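Dear colleague,

I am passing on to you the structure announced for handover, with a summary of what was found in it. Please look at the sequence and the structure first, and then read the notes that follow.

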Amino acid sequence: MPTYEKSTASTEVVPTVPDLFIAFATIGLTGFGGVLPWTRRMVVERRRWLDAREFAELLPLAQLLPGPNVANIATILGRRYRGAPGSAAAVVGLYLFPAIVTIGLGFAYARWSDSSVAARLLSGLMPAATGLVVATSVKLIASLPRTWNTCLFVALPAATVGLLHWPLLPVVAMTGPIAVWRAFRQAKREDA
Amino acid sequence: MIMWQTLADLFFHGTLWSFLAIGGANVTLSDIPRYAVDTRHWVSEAEFVTYFSVAQAAPGPNGMAVVLIGLQAAGMPGALVSLFAKSVPSSIVAAPRRGSAQ
């Protein structure tokens, strides 16, 4: 069984299926406005399943794979320690309680959306939630290299998806490969 | 009959959004209202912003707004189908990877 092929760099603890469930359920319940920092805290600092370097190596893989990042981390770690049952326990743990809370909030909204308390609560929440997205976008743009290539491939999806309301799938399918190809060509030119 | 079509639609687009969320759930923030508001009229523009804000404020992973859209489009089955589409197909794709720690 390849399930137990685990790095010896971190501690020898191999989490059980309930361990995986509890850890990711805790992450799901505590992660407000995004669960990634909480995942790192739980997996690296509290449970010591991975050391900082292993987590830093795992994260880009989870980001590159399709699907929500933390769900991918849950899947990969669950699989690594306990195979398919481990993956299932971690992913179900991550989504179970947030789903119950979210669906409960949905029913609450349907029931009380006309009340003035709900209206005030939401009018406060909406700009804050929007502000978080703007902050993330600004941070990402600031971290990009300042080249014409970057400008082009930031502006292209922003204009087509954001302003022209084109569907996301064809835009990603078109710009993604072209942007990667240009980045490769750029690297080749710099090597030469 | 119409209910099944809505559920299939929620599943298909929920899976699509989950797969396109490379790097984070915010990637799909423009495509979800385009489809759920403009094409399908499952929710209004204002409701979408509300659901997005509620999902951000609630504990748990971002992108739970699709569950609320599913809830409004097709009731509890819609919410469950959206949740399933968001989490399960992409996890099956990620499952063969053990990460790079070897």
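**The largest nonpolar core**

The largest nonpolar core has 60 residues, and those that touch the most other members are A:A74, A:A90, A:L94, B:Y51 and B:I69. Please note that this is a predicted model. At least two residues of this core come from each of α1, α3 and α4 of chain A, and likewise from each of α1 (2-20), α2, α3 (45-57) and α4 (65-94) of chain B. The most is given by α4(A), with 15 residues. As general background, nonpolar side chains tend to be buried together in soluble globular proteins.

One member of the core may be followed further. Leaving aside neighbours within four places in sequence, B:Y51 is in contact with B:V43, B:A65, B:L68 and B:I69.

**Where the two chains meet**

In the contact between the chains, 55 residues of chain A meet 47 residues of chain B. On the side of chain A that touches chain B, α1 (17-30), α3, α4, α5 (116-143), α6 (148-163) and α7 (168-191) each supply at least two residues. Here α4(A) gives the most, with 20 residues. By class, this side of chain A divides into 33 nonpolar, 17 polar and five charged residues.

A:L168, found in helix α7 of chain A, illustrates this meeting of chains. Not counting residues up to four places away in sequence, A:L168 touches A:V161 in chain A and B:L20, B:T28, B:S30 and B:D31 in chain B. A:L168 counts as buried because 22 C-beta neighbours lie inside 10 Å, where the cut-off for a buried residue is 20 or more. The C-alpha atoms of A:L168 and A:P157 are separated by 8.4 Å, the two residues being eleven apart along the chain.

B:D31, one of the residues touched by A:L168, belongs to helix α2 (residues 31-39) of chain B, whose buried residues are B:D31, B:I32, B:P33 and B:A36. This helix is followed by B:H41, which has a positive phi, near 55 degrees.

**Helix packing in chain A**

Two pairs of helices in chain A deserve a description. In the first pair, α1(A) and α2(A) pack at an angle of about 150 degrees, and their axes are 9 Å apart. Their crossing is right-handed. From α1(A), the contact is made by A:A23, A:T26, A:I27 and A:T30, and from α2(A) by A:W38, A:T39 and A:M42. The residues of this contact are four nonpolar, three polar and no charged.

In the second pair, helix α3 (residues 52-64) and helix α4 (residues 69-112) of chain A pack at about 120 degrees, with axes 8 Å apart. The crossing of α3(A) and α4(A) is right-handed. Here α3(A) contributes A:L58, A:A62 and A:Q63 to the contact, while α4(A) contributes A:N69, A:N72, A:I73 and A:I76. These residues divide into four nonpolar, three polar and no charged.

**Individual residues of chain A**

Which residues of chain A other than glycine have a positive phi? Among them are A:R48, with phi near 55 degrees, and A:H165, with phi near 60 degrees. A:R48 lies in the loop between α2 (36-46) and α3 of chain A, and A:H165 in the loop between α6 and α7 of that chain. A:R48 is exposed because 11 other C-beta atoms lie within 10 Å. A:H165 counts as exposed because it has 12 C-beta neighbours inside 10 Å, and the cut-off for an exposed residue is 12 or fewer.

A:F107 lies in helix α4 of chain A. With 13 other C-beta atoms within 10 Å, A:F107 is partly exposed. Its C-alpha atom is separated by 38 Å from that of A:V154, the two residues being 47 apart along the chain.

**Confidence in chain A**

The mean pLDDT of chain A is 85, and 93% of its residues reach 70 or more. Confidence in chain A is highest in α1(A), at a mean of 94, and lowest in α5(A), at 83. Over residues 1-10 of chain A, pLDDT stays under 50, and the model has 17 contacts beyond four places in sequence for this stretch. Where pLDDT is low, the predicted coordinates should not be read in detail.

With kind regards

How values were computed. Residues are numbered from 1 along each chain as its sequence is written. Chains are lettered from A and ligands numbered from 1 in the order in which they are written. This is a predicted model: local features need pLDDT of at least 70, side-chain atom pairs count only at pLDDT 80 or more; totals for chains, interfaces and linings use all residues. Axes are lines fitted to C-alpha atoms, for helices over the stretch in contact, and angles run from 0 to 180 degrees between N-to-C directions. Helices (H or I, at least four residues) and strands (E, at least two) are DSSP runs, numbered from the N terminus. A crossing is left-handed if the near helix is turned anticlockwise from the far one by less than a right angle, and right-handed if clockwise. Two residues are in contact if their C-beta atoms, placed from the backbone, lie within 7 Å. Ala, Val, Leu, Ile, Met, Phe, Trp, Tyr, Cys and Pro count as nonpolar, Asp, Glu, Lys and Arg as charged, and the others, Gly among them, as polar. A nonpolar core is a set of buried Ala, Val, Leu, Ile, Met, Phe, Trp, Tyr and Cys residues joined through C-beta atoms within 7 Å. pLDDT is the predictor's confidence in each residue, from 0 to 100.
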